[in-house]
Amino acid sequence: MLHHLSIGVTDLDRSARFYDAILSALRYHRVWTDGTAVGYGIENRDDKFAIKLRSAPISVPDGFHVAFAAPDRSAVGAFHQAALTQGGSDDGEPGFRPQYGPDYHAAYVIDPDGWHVEAVIIGPS
């Protein structure tokens, strides 16, 4: 349904390092960059997710989160570790979430601006 999504960030360099790390763990790539934004997606394709520099403090909407598809369970763990290394905070260690289904395997983090981000794979790894 969605074509793409963008979020505001207060420090483009810091956020680009964060998203470069967590999204590369999920095999996504930076597909474009300019002075005020960075786009991510599948290599040699259009962006599906972008971060955009904003001067005002970011107000993260209550209940909003972004979930990225992971290629396998080990990538979920790599995403989580990369987030913590790049200044994110833990919001749920990698593991199964049976409340969402028997094969729902995910990890949750909060980025440096307070955005809630998830990596998930459903089904066998």
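Let me start with the aromatic residues, since ring pairs join Phe18, Tyr19, Tyr28, Tyr40, Phe49 and Phe68 into one cluster, where rings of Phe, Tyr and Trp (its six-membered ring) pair if their centres lie within 6.5 Å, and planes under 30 degrees apart count as stacked, over 60 as edge-to-face and the rest as tilted. Before going on, I should say that this is a predicted model, in which local features need pLDDT of at least 70 and side-chain atom pairs count only at pLDDT 80 or more, while totals for chains, interfaces and linings use all residues. Residues are numbered from 1 along each chain as its sequence is written, and side-chain values use heavy atoms, with hydrogens and water left out.

The structure holds seven aromatic pairs. One of them, between Tyr40 and Phe49, is tilted, at 6.5 Å centre to centre and 35° between the planes. In the pair of Phe49 and Phe68 the ring centres are 5.1 Å apart and the planes stand at 90°, so this pair is edge-to-face. That second pair links distant parts of the chain, with Phe49 in strand S4 and Phe68 in strand S5, 19 residues apart; helices (H or I, at least four residues) and strands (E, at least two) are DSSP runs, numbered from the N terminus. Phe49 counts as buried at 4% relative accessibility, and Phe68 is buried too, at 10%, where buried means under 20% relative accessible area, exposed over 50% and partly exposed in between, for a 1.4 Å probe and protein chains only.

Tyr19, another member of the cluster, sits in helix H1 and is buried at 0% relative accessibility. Its C-alpha lies 8.6 Å from that of Ile51, although the two residues are 32 apart in sequence. H1 itself covers residues 12-25, and its 14 residues reach 20 Å from first C-alpha to last, close to the 20 Å expected, the expected span being 1.5 Å times one less than the number of residues. Other buried residues of H1 include Leu12, Phe18 and Ile22. At the N-terminal end, Asp11 caps the helix, with a side-chain oxygen 3.2 Å from the backbone nitrogen of Asp13.

What is the sign of phi in Arg27, which follows H1? It is positive, near 70°, in a residue other than glycine. Most residues other than glycine have a negative phi. Arg27 lies in the loop between H1 and strand S2 and is exposed, with a relative accessible area of 52%. Asn44, in the loop between S3 and S4, also has a positive phi, near 65°, and is exposed at 77%.

Finally, the largest pocket has a volume of about 330 Å³. On a 1 Å grid over the protein atoms alone, a pocket is an open set of points where a 1.4 Å probe fits, with protein on both sides within 12 Å along at least five of seven lines, and lining residues have an atom within 4 Å of a point. Of its 16 lining residues, Lys48, Phe49, Val66, Ala67 and Phe68 lie nearest the centre, so that two rings already described appear again here. Strands S3, S4 and S5 each supply at least two lining residues, and the largest share, five residues, comes from S5.

Technical notes. A polar contact is a pair of N or O atoms within 3.5 Å; within protein, one must be able to donate a hydrogen and the other to accept it, and residues adjacent in sequence count only if both atoms are side-chain atoms. Grid points are joined across faces, edges and corners, and a volume is the space filled by probe spheres set on the points.
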